[in-house]
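Here are my notes on the model you sent. They are set out as numbered points, to be read with the structure open.

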Amino acid sequence: MAGVKTITKDSFAELELHSKQNVDLMAAKVLDKVKESSLKDAQAKFMKAILMNPGIRAKMDLKEVETLHKTCKEIIAKREKSDLEALKAKVAKEAEEEKRKKEERIANGEEVEEDFDYEAYYDDEDDFM
């Protein structure tokens, strides 16, 4: 094992940016590296580093900043919507599982606690005070 060498290859050093195709290739490689990163919140940290770069900040005009802001808001809204849908699906699945278990216990003749019906017991909000 003494003769084992580790070779580190910088794939970005070999890139030549002479055409739009080269730029697209580099962007794809960067995005892959950011997505595969084990660093916590790698995407957010990458975006922050990009936006805090004085060279990039100086070159962005108001329209580009507004477009970026709009895109980020859309991405966040989509993520929040998918997270909410996943949470609703999880809650529905848990409720269905609980209902199935309750019906199974009833079918086996086991004693089952009934859910307390607060609306039937408290007919007015003032009863809580």
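1. Which residues form a nonpolar patch on the surface? They are L84, L87 and V91, and together they have about 270 Å² of accessible area. V91 belongs to helix α4, which covers residues 62–107. V91 counts as partly exposed because its relative accessibility is 47%, and the partly exposed class runs between 20% and 50%. Please keep in mind here and below that the model is predicted.

2. The overall architecture can be stated briefly. The protein has 5 helices and 0 strands, and the order along the sequence is α-α-α-α-α. Of the 129 residues, 3% are buried, where buried stands for a relative accessible area under 20%.

3. The largest pocket comes next. Its volume is about 650 Å³. The lining is made of 17 residues, and those closest to the centre of the pocket are Q43, A44, F46, M47 and I75. Helices α1 (20–36), α2 (42–52) and α4 each contribute at least two residues to this lining. Sorted by class, the lining of the largest pocket holds 12 nonpolar, 2 polar and 3 charged residues.

4. The second largest pocket has a volume of about 210 Å³. Its lining consists of M47, I50, L51, I56, K59, M60, E64 and L68. Two or more of these residues come from each of α2, α3 (54–59) and α4. Which element gives the most to this lining? It is α2, with 3 residues. By class, the lining of the second largest pocket has 6 nonpolar residues, no polar ones and 2 charged ones. M47 deserves a look in the viewer: this residue is among those closest to the centre of the largest pocket, and M47 also lines the second largest pocket.

5. How many salt bridges does the structure hold? There are 3. One of them pairs D24 with K20, with 3.5 Å between the closest N and O atoms. That distance falls within the 4 Å cut-off for a salt bridge. D24 and K20 are separated by about one helical turn, because they are 4 residues apart in helix α1. D24 has a relative accessible area of 41% and is therefore partly exposed. K20, at 63%, is exposed, since that class begins over 50%.

6. R100 takes part in two salt bridges, one with E97 and one with E104. In the pair with E97, the closest N and O atoms are 2.4 Å apart; in the pair with E104, the corresponding distance is 2.9 Å. E97 and R100 are 3 residues apart in helix α4, about one turn of the helix. R100 and E104 also both lie in α4, 4 residues apart, which is again about one turn. E97, R100 and E104 are thus linked in a network of salt bridges.

7. Are the members of that network buried or exposed, or do they fall in between? R100 is partly exposed, with a relative accessible area of 38%. E97 counts as partly exposed at 32% relative accessibility. E104 is placed in the partly exposed class as well, at 43%.

8. One backbone angle should be checked by eye. Where does D41 lie? D41 sits in the loop between α1 and α2. Its phi is near 55°, a positive value in a residue other than glycine. As background, most residues other than glycine have a negative phi.

9. Helix α4 recurs through these points. This helix holds V91 of the nonpolar surface patch, supplies at least two residues to the lining of the largest pocket, and gives two or more to the lining of the second largest pocket. The residues R100 and E97 lie in α4, and so does E104.

Methods: Residues numbered from 1 in each chain as written. Predicted model: local features only at pLDDT ≥ 70, side-chain atom pairs only at ≥ 80, totals over all residues. Heavy atoms only, no water. Patch = residues over 30% accessible without salt bridge, like charges linked within 9 Å, V, L, I, M, F, W, Y side chains within 5 Å. Areas by Shrake-Rupley, 256 points an atom, 1.4 Å probe, with all protein chains shown as cover. Salt bridge = Lys/Arg side-chain N within 4 Å of Asp/Glu carboxyl O. Buried < 20%, exposed > 50% of the residue type's maximum accessible area, 1.4 Å probe, protein only. 1 Å grid on protein atoms, 1.4 Å probe; cavity = no way out; pocket = protein on both sides within 12 Å on 5 of 7 lines; lining within 4 Å. Points joined across faces, edges and corners; volume = space filled by probe spheres on them. Nonpolar A, V, L, I, M, F, W, Y, C, P; charged D, E, K, R; others polar.
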